[in-house]
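The exercises below are meant to be worked through with the sequence and the coordinates at hand. Try each task before reading its solution.

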Amino acid sequence: MDDRRPVSVECPPPGSLHAVPGLAALLTGYHLCTEAEKGVPVAVASGLPDRYRLETEAPDRAFADATVLVARVGGAAVGCVAVTGPVDGAAEIKRLWTDPAARGRGVASALLGTALEQAGRADARTVRLSVWRWRTGAVALYERLGFTVVPSWDDRADLVCMERAA
């Protein structure tokens with residue numbers, strides 16, 4: 001994507017995620033890529049594990065306790081992220097994804113900045129996330145934004161857990 005228009009981030013109202021243009025495709029891309037990286041490639045969304053397929057088919061239900069943000073360039077959806085409301089003072093960032101054609105444009109940074117603002121408005125004291133070890137670009141971005149590696153709350157191999165003050 002050589003479009004140099006600015007990145008905008010929108011926060012669709014609760015209950016409207018199913019109708020957000022491009023969101024299902026972004027979530028599908030995230031999950032298909034992740035499954036392939038984990039060594040269990042899936043050709044189409046219908047082949048995803050049920051918990052991931054739910055996010056692509058019924059995002060309002062899957063993200064009922066989260067705020068989903070969508071990044072756009074010139075109206076086209078190019079990225080997404082979900083941020084949960086705080087539990088015990090901690091909000092969690094999930095499903096950060098930038099369309100590969102839009103990478104290097106500041107999409108992930110724009111989404112994370114808005115997600116961190118959202119967590120702060122929700123009175124989170126900390127923001128946490130998990131990321132696959134092999135996503136080195138994402139890990140570097142998180143570190144630039146002040147996230148540090150913390151002991152894992154998830155026992156899956158190759159998952160790095162990180163957090164920072166909200």
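The expected span of a helix is 1.5 Å times one less than its number of residues. The model used throughout is a predicted one, and the first exercise applies this definition to one of its helices.

**Exercise 1. Helix H4 and its buried side**

Task: Compare the end-to-end reach of H4 with the expected span, and establish on which residues of H4 the burial falls.

Solution. Begin with the length: H4 has 15 residues, and the distance from its first C-alpha to its last is 21 Å. At 1.5 Å a residue the expected value is 21 Å, to which the reach of H4 is close.
Next, turn to burial, for which the cut-off is a relative accessible area under 20%. The residues of H4 that are buried are Val107, Ala108, Leu111, Leu112, Ala115, Leu116, Gln118 and Ala119. Because they cover an arc of only 160° around the axis, they are placed on the same side of H4.
Finally, look past the end of the helix, where Asp123, just after H4, takes a positive phi of about 65°.

**Exercise 2. The sheet and the helix packed on it**

Task: Give the order of the strands in the open sheet, identify the strands at its edges, and describe how H4 is placed against the sheet.

Solution. The open sheet consists of seven strands in the order E1-E2-E3-E4-E5-E7-E6, and its pairing is mixed. Strand E1 (7-10) and E6 stand at the edges, and each has a single partner strand, so one side of each is left without a neighbour in the sheet.
Within the sheet, strand E2 (residues 66-73) and strand E3 (residues 76-84) run antiparallel and are joined by eight bridges; Leu69 stands opposite Val81 in E3.
Helix H4 (residues 107-121) packs on this sheet, where it touches E1, E2, E3, strand E4 (90-98), E5 and E7. The direction of H4 makes about 160° with that of E4.

**Exercise 3. Salt bridges within a helix and between loops**

Task: Among the nine salt bridges found in a search of the whole structure, examine those of Arg53 with Asp50 and with Glu57, and then that of Arg133 with Asp158.

Solution. As background, side chains of opposite charge can pair when their charged atoms come close.
Take Asp50 to begin with: its salt bridge with Arg53 has the closest N and O atoms 2.8 Å apart, and both residues lie in helix H2 (residues 50-57), three residues apart, about one turn of the helix. Asp50 is exposed, with a relative accessible area of 56%.
Glu57 also forms a salt bridge with Arg53, with 3.6 Å between the closest N and O atoms. These two residues both lie in helix H2 as well, four residues apart, which is again about one turn of the helix, and Glu57 is exposed at a relative accessible area of 55%.
The remaining pair is Arg133 and Asp158, whose closest N and O atoms are 2.9 Å apart. Arg133 lies in the loop between strand E5 (126-132) and helix H5 (136-144), whereas Asp158 lies in the loop between strand E6 (148-149) and strand E7 (159-165), so the pair ties together parts that are 25 residues apart in sequence. Arg133 is partly exposed, with a relative accessible area of 47%, and Asp158, at 35%, also counts as partly exposed.
As a last step, return to helix H2: salt bridges that share partners join Asp50, Arg53 and Glu57 into one network.

Technical notes. Residues are numbered from 1 along each chain as its sequence is written. This is a predicted model: local features need pLDDT of at least 70, side-chain atom pairs count only at pLDDT 80 or more; totals for chains, interfaces and linings use all residues. Side-chain values use heavy atoms; hydrogens and water are left out. A salt bridge is a side-chain nitrogen of Lys or Arg within 4 Å of a carboxyl oxygen of Asp or Glu. Buried means under 20% relative accessible area, exposed over 50%, partly exposed in between (1.4 Å probe, protein chains only). Two strands pair if DSSP finds at least two bridges between them. Contact means heavy atoms within 4.5 Å. Axes are lines fitted to C-alpha atoms, for helices over the stretch in contact, and angles run from 0 to 180 degrees between N-to-C directions. The arc is that of the directions from the helix axis to the C-beta atoms.
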